[in-house]
Amino acid sequence: MINANDSVKLTGSVSSTGTGSFTVSVSEFFVDGAWHKLETPREIEISTSDYTNDFTSLELKYIKEKAEADSKSSTLCEDDLEIVNSIVKKFSSAVADV
């Protein structure tokens, strides 16, 4: 069953570009634990002012998990371990700030 606030992933391709925007033809989506193919792709116009190049939630999750795993590694040099521990600390304090 699909619920409000479920995570959805879309796949498609850029079908046209314009000044300050581009159009994506969405052909598949992932929700409720499975990929679904659209019979007819849907067009979504995206303005370049609508998005940023900030890390996405999935990228941040990966960085956090990787840093946490690396912080337990015995093969990192002291400088790298210091960086990894700093990343883990920042994620921990960001959660506490919310």
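Helices, as named in these legends, are DSSP runs of H or I with at least four residues, numbered from the N terminus. The model shown in every view is a predicted one.

**View 1. Glu65 and Lys61 form a salt bridge within helix α1.** Both residues belong to helix α1, which covers residues 57-70, and they stand 4 residues apart, a spacing of about one turn of the helix. Their side chains meet in a salt bridge with an N to O distance of 4.0 Å. Glu65 has a relative accessible area of 43%, and because this value lies between the 20% and 50% limits, Glu65 is described as partly exposed.

**View 2. Glu68 and Lys64 are joined by a salt bridge in helix α1.** Here the distance from N to O is 3.0 Å, and the two residues, which both lie in helix α1, are again placed 4 residues apart, or about one turn of the helix. Glu68 is partly exposed, with a relative accessible area of 28%, and Lys64, at 30% relative accessibility, counts as partly exposed as well.

**View 3. Lys66 and Asp70 meet in a salt bridge in helix α1.** The side chains of Lys66 and Asp70 come together with an N to O distance of 3.7 Å. Because they are 4 residues apart in helix α1, Lys66 and Asp70 are separated by about one helical turn. Lys66 counts as partly exposed at 41% relative accessibility, while Asp70, with a relative accessible area of 21%, is also partly exposed. In general, side chains of opposite charge can pair when their charged atoms come close. The count of salt bridges in the model comes to 3.

**View 4. Strands β2 and β3 form a hairpin.** Strand β2 (residues 21-31) and strand β3 (residues 34-47) run antiparallel and are joined by 10 bridges. Within this pairing, Val24 has Ile44 of β3 as its bridge partner. There are 2 residues between the strands, and Asp32, which sits in the turn, has a positive phi of about 60°.

**View 5. Glu78, Asp79, Asp80 and Glu82 make up a negative surface patch.** One of these residues, Glu78, is found in helix α2, which covers residues 78-97. Glu78 has a relative accessible area of 68%, and it is classed as exposed because that value is over 50%. Residues enter a patch of this kind with over 30% relative accessible area and no salt bridge, so the 68% of Glu78 satisfies the area requirement.

Notes: Residues numbered from 1 in each chain as written. Predicted model: local features only at pLDDT ≥ 70, side-chain atom pairs only at ≥ 80, totals over all residues. Heavy atoms only, no water. Patch = residues over 30% accessible without salt bridge, like charges linked within 9 Å, V, L, I, M, F, W, Y side chains within 5 Å. Areas by Shrake-Rupley, 256 points an atom, 1.4 Å probe, with all protein chains shown as cover. Lys, Arg positive; Asp, Glu negative; His and termini not counted. Charge placed at Lys NZ, Arg CZ, Asp CG, Glu CD. Buried < 20%, exposed > 50% of the residue type's maximum accessible area, 1.4 Å probe, protein only. Pairing = 2+ DSSP bridges.
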